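Open the model in a viewer and keep the sequence to hand. The stops below go from one side chain to a helix pair and then to the core.

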Amino acid sequence: MLAVIAAMGNNRGTLASSTRIRESRKIAIEHLKCYVKGLEENPAFREVMASQCESSTCLNAIGLLELIQKFGTGTFLDSEGHEVDIIHHVSTSLQHRPPSPSEDEISWILSAGSRLRANRMVTSDIKFSLELWNVFESNRAHFEEVYRNHAHGDLLKHDQIKAFLADLNDGIPPADSEASAVMSEAAATAGGVCRTRLLLATSLWYGGLVDLRPHACGPCAVS
């Protein structure tokens, strides 16, 4: 579970330069960095962060939904109403759809943020939650397209998840510990693993929100 996860924080650029991180993931990580830069320059977001510092209240489902609706980028649909992967493919004449997270997505993100914050791996569950949603939302069409190539009835097993992650990384497989951590995170909340939770857990890995690479010193936090 999160015992094997190290939060990336300001070292996301170091992860992006790893030889194991291929072009598709590098593009996604750069896209996230641009999103975060925009957030940090947004006066409304800075006001939200300042309010969090002054309050001891934990982020709840209604609060996160409002934040995603306000600061999320939304998705884009083609002429047939299918969600389009705008990071990896260039498309025109698209219809914008505002962010619309489901209850299960909100619940999983809140749970992940709470666990990371409890382990002192993130300092703000607001910022982390928005980053996670951005990776998930921006890459969901790509994730689902690749997922369909690996899902054949039952939920994916470890080897299938490793192959799924490899396909998302231009054919370079993740370490066994990375695949195991994604599986564990997908199953960390009540109700077990489903496709949505697996794709959310994949977002942690894909966008460099957490470092799942094996370290010589064992699991360690990265500030």
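Select L165 first: leaving out residues up to four places away in sequence, L165 touches P174, A179, V182, T202 and W205, a contact being heavy atoms within 4.5 Å. The model is predicted, so local features need pLDDT of at least 70 and side-chain atom pairs pLDDT 80 or more, while totals for chains, interfaces and linings use all residues. Residues are numbered from 1 along each chain as its sequence is written, and side-chain values use heavy atoms, without hydrogens and water.

Next, show α7 and α8 (helices are DSSP runs of H or I, at least four residues, numbered from the N terminus). Their axes, lines fitted to C-alpha atoms over the stretch in contact, come within 9 Å and cross at roughly 105°. That makes α7 roughly perpendicular to α8 (65 to 115 degrees). To see the contact, select H158, I161, K162 and L165 of α7 with D176, A179, S180, V182 and M183 of α8. These residues divide into five nonpolar, two polar and two charged.

Stay on α8 and colour its buried residues (under 20% relative accessible area, 1.4 Å probe, protein chains only): E178, A179, A181, V182, E185 and A186. Viewed down the axis of α8, they fall within an arc of 160°, so they line one face of the helix; the arc is taken from the directions from the helix axis to the C-beta atoms.

Finally, select W108, L130, F164, L165 and L168, which touch the most other members of the largest nonpolar core, a set of 44 residues. Such a core consists of buried Ala, Val, Leu, Ile, Met, Phe, Trp, Tyr and Cys residues joined through side-chain atoms within 4.5 Å. Elements giving two or more residues to this core include α7 (158-168) and α8 (176-186), and α6 gives the most, with 10 residues.

Notes: Buried < 20%, exposed > 50% of the residue type's maximum accessible area, 1.4 Å probe, protein only. Axes fitted to C-alpha atoms, helices over the stretch in contact; angles between N-to-C directions. Parallel < 35°, antiparallel > 145°, perpendicular 65-115°, else oblique. Nonpolar A, V, L, I, M, F, W, Y, C, P; charged D, E, K, R; others polar.
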